Amino acid sequence: METQLTYYGHASFKLVTPRGNVLLIDPWLTNPLFENGKAEIDALERVDLILLTHGHFDHVGDSVAIAKRTKAKLVATFDLSAAMKAVHGYPAEQADMDTTGHFGGELGLLNGDVTVTFVPAWHGSAVMKEGSPPYYGGTPSGLIIAIADGPTIYDTGDTDLFSDMALVSRYHAIDVMIVCMGDHFTMGPRRAADAVQLVDPRMVIPQHFSTFPVLTGTPDAFRAELSKRESKAELRVMKVGETMQLPPARSRISNEPIGQPLT
Ligand SMILES: [Zn+2]
């Protein structure tokens, strides 16, 4: 079996690895774009890991309810993990040190099936519960998800463009980049297209658009910006609820030192 990716709308995805492990990323399945969110949550029998990029409601989403039922472990930075337990009651025994990391560290998970690296994102990460002041959620992140028998995926999380995105592809050959481009709260199509150029993935999947009227960046505008830059990446706009097979890895993660010194 190939790696499978399901888009639930907004920034919410499911990954199923060739070995059958199930990962959710920013699982807000009850978002306004996905009519079947509640039914889909009920239908999730197995979830091994829930990966969160930051603490805002549109990313934390339904993660605690799903975790309580499926026993999924939380993959997040130290600060976000602490906030998820303290504010939202994420089960502590499912958010322990083995799945908690921080920037630059590589987490080997699920017996080597998945390796997750946290990279920075320019955004906020306040964790909020109605009626209480915001709780510190640490620095927001992007996620590099390397699947042992599958592709390496870079999910930018919510972010602006920043030049250090170029470092991602110096350490990982990115097969699939899941990039925010809806504008207003994140980079829009123009800046997102420049981010794609910095990362140089084979395939690009847009996220974080159309959910709210203020998110004005469209896939068409993004496509036009990629064309202007003569991007080699294949743009794949997923429909909400759609599942697709991801291409296999372009190359394995190299342990060779980077040829060019950083200056
Ligand atoms: Zn967001």
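By the distance rule used here (a side-chain nitrogen of Lys or Arg within 4 Å of a carboxyl oxygen of Asp or Glu), the count comes to 10 salt bridges. The model is a predicted one, so local features need pLDDT of at least 70 and side-chain atom pairs count only at pLDDT 80 or more, while totals for chains, interfaces and linings use all residues. Residues are numbered from 1 along each chain as its sequence is written, and side-chain values use heavy atoms, with hydrogens and water left out.

Side chains of opposite charge can pair when their charged atoms come close. One such pair is Arg191 with Asp160, whose closest N and O atoms sit 2.8 Å apart. Arg191 belongs to helix H6 and Asp160 to the loop between E10 and helix H5 (165-171), so this salt bridge ties together parts 31 residues apart in sequence. (Helices, H or I with at least four residues, and strands, E with at least two, are DSSP runs numbered from the N terminus.) Arg191 is partly exposed at 43% relative accessible area, and Asp160 is partly exposed at 25%; here buried means under 20% relative accessible area, exposed over 50%, and partly exposed in between, with a 1.4 Å probe and protein chains only.

Helix H6 also supplies Asp194, which forms a salt bridge with Arg229 at 2.7 Å between the closest N and O atoms. Since Arg229 lies in the loop between H7 and E13, that pair ties together parts 35 residues apart in sequence. Arg229 has another partner in Glu225, with closest N and O atoms 2.8 Å apart. Asp194 is partly exposed at 31%, whereas Glu225 is buried at 12%. Put together, Asp194, Glu225, Lys228 and Arg229 are linked in a network of salt bridges. In the loop between helix H7 (219-228) and E13 there is also Glu230, which has a positive phi of about 50° although it is not a glycine. Glu230 is exposed, at 69%.

Now for the strands. Seven of them form an open sheet with mixed pairing, in the order E7-E8-E9-E10-E11-E12-E13; two strands pair if DSSP finds at least two bridges between them. The edges are strand E7 (106-109) and strand E13 (234-235), each pairing on one side only. Inside this order, E8 (residues 114-120) and E9 (residues 141-147) run antiparallel and are joined by seven bridges, with Val114 opposite Ile147. Thr117 in E8 is buried at 6%. Beyond its neighbours within four places in sequence, Thr117 is in contact (heavy atoms within 4.5 Å) with residues including Gly104, Leu143 and His172. Helix H6 lies across E10, E11 and E12, running at about 155° to E11; axes are lines fitted to C-alpha atoms, for helices over the stretch in contact, and angles run from 0 to 180 degrees between N-to-C directions.

Nearer the start of the numbering, E1 (residues 4-7) and E2 run antiparallel with four bridges, and Tyr7 faces Phe13 across the pair. Five residues separate the two strands of this hairpin, and Gly9 in the turn has a positive phi of about 95°. His10, in the loop between E1 and E2, has a positive phi too, near 60°, and is buried at 0%. E2 also joins E3 (residues 22-25) through four antiparallel bridges, with Lys14 opposite Leu24. In a regular strand the side chains alternate between the two faces of the sheet. In E2, Phe13 and Leu15 point one way, Lys14 and Val16 the other, and all are buried.
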